Amino acid sequence: MHSYLFVGVDATARNRAMEKQLGELGVGPFDQVKPVSTEGRIGIAEIREFIRALSLSPQQSPMVAGVIEKADHLT
């Protein structure tokens, strides 16, 4: 298991760096799991679903990657 944290004011630069890293790891878009934000927040129910989705087998890549783009929405 690996963890990467991309920090910076420029969202475009962060997303580019994240996509580059995922590409280097061989993780395609179908194997990227993102929590669903409801009402501008990511609560425990969304995180439970996120964790469940991370436990599924990858479809096209060697691994599944979890991506939380707006960590400030975690409650």
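Me: Taking a contact to mean heavy atoms within 4.5 Å of each other, what percentage of the contacts between residues at least 6 apart in sequence join residues at least 24 apart in this protein?
Reply: The model is a predicted one, and the answer is a computed share. The pairs taken into account are contacts between residues at least 6 apart in sequence. Among these contacts, the share that joins residues at least 24 apart is 56%.

Me: In what order do the helices and strands of the protein follow one another from the N terminus?
Reply: The secondary structure consists of two helices and two strands. Helix α1 covers residues 11-25, strand β1 covers 32-33 and helix α2 covers 44-54, while strand β2 covers 65-66. Read from the N terminus on, the order is therefore α-β-α-β.

Me: What radius of gyration does the protein have, and what value does the globule rule give for 75 residues?
Reply: The C-alpha atoms fill a box of roughly 30 × 30 × 20 Å along the principal axes. The radius of gyration is close to the value from the globule rule, so the protein is as compact as a globular protein of that length. The two values, radius of gyration and then globule rule, are 13 Å and 11 Å.

Me: What percentage of the accessible surface of the protein belongs to carbon and sulfur atoms?
Reply: Of the 75 residues in the protein, 23% are buried. The accessible surface as a whole comes to about 5,700 Å². The part of that surface that belongs to carbon and sulfur atoms is 57%.

Me: How far apart do the centres of the positive and negative side chains lie?
Reply: The protein carries 8 positive side chains and 9 negative ones. When the centre of each of these two sets is taken, the distance between the centres is 2 Å.

Me: Which residue meets Lys-34 in a salt bridge?
Reply: The structure holds two salt bridges, and in one of them the side chain of Lys-34 takes part with an N to O distance of 3.1 Å. The pair links distant parts of the chain, 35 residues apart, with Lys-34 in the loop between β1 and α2 and its partner in the segment after β2. Lys-34 is partly exposed at 40% relative accessibility, and the partner is also partly exposed, at 45%. That partner is Glu-69.

Me: In which helix do Arg-52 and Glu-49 both lie?
Reply: The side chains of Arg-52 and Glu-49 meet in a salt bridge of 2.7 Å, N to O. Arg-52 is partly exposed with a relative accessible area of 42%, and Glu-49 is partly exposed at 40%. The two residues are three apart, about one turn of the helix, and the element that holds both is α2.

Me: Is Ile-42 buried or exposed?
Reply: Ile-42 lies in the loop between β1 and α2, where the residues that it touches include Pro-35, Ile-47, His-73 and Leu-74. The C-alpha atoms of Ile-42 and Gln-32, ten residues apart along the chain, are separated by 17 Å. The cut-off for a buried residue is under 20% relative accessible area; Ile-42 has 4%, so its class is buried.

Me: What phi angle does Glu-39 have?
Reply: Glu-39 is found in the loop between β1 and α2, and its relative accessible area of 78% makes it exposed. Although Glu-39 is not a glycine, its phi is positive, at about 55 degrees.

Me: What relative accessible area does Ser-61 have?
Reply: Ser-61 sits in the loop between α2 and β2. Leaving out residues up to four places away in sequence, Ser-61 touches Gly-26, Val-27, Gly-28 and Asp-31. Ser-61 counts as buried because its relative accessible area is 11%.

Me: How far apart in space, C-alpha to C-alpha, are Pro-29 and His-73?
Reply: Pro-29 lies in the loop between α1 and β1 and counts as exposed at 67% relative accessibility. In sequence, Pro-29 and His-73 are 44 residues apart, and in space their C-alpha separation is 22 Å.

Me: How far apart in space, C-alpha to C-alpha, are Ala-11 and His-73?
Reply: Ala-11 has its place in helix α1 and counts as partly exposed at 35% relative accessibility. Along the chain, Ala-11 and His-73 are 62 residues apart, while the distance in space is 15 Å.

How values were computed. Residues are numbered from 1 along each chain as its sequence is written. This is a predicted model: local features need pLDDT of at least 70, side-chain atom pairs count only at pLDDT 80 or more; totals for chains, interfaces and linings use all residues. Side-chain values use heavy atoms; hydrogens and water are left out. Helices (H or I, at least four residues) and strands (E, at least two) are DSSP runs, numbered from the N terminus. The radius of gyration is taken over C-alpha atoms; the globule rule is 2.2 Å times the number of residues to the power 0.38. Buried means under 20% relative accessible area, exposed over 50%, partly exposed in between (1.4 Å probe, protein chains only). Contact means heavy atoms within 4.5 Å. Accessible areas come from the Shrake-Rupley method with a 1.4 Å probe; for residues, only the protein chains shown count as cover. Lys and Arg count as positive and Asp and Glu as negative; His and the chain ends are not counted. The place of a charge is taken as NZ of Lys, CZ of Arg, CG of Asp or CD of Glu. A salt bridge is a side-chain nitrogen of Lys or Arg within 4 Å of a carboxyl oxygen of Asp or Glu.
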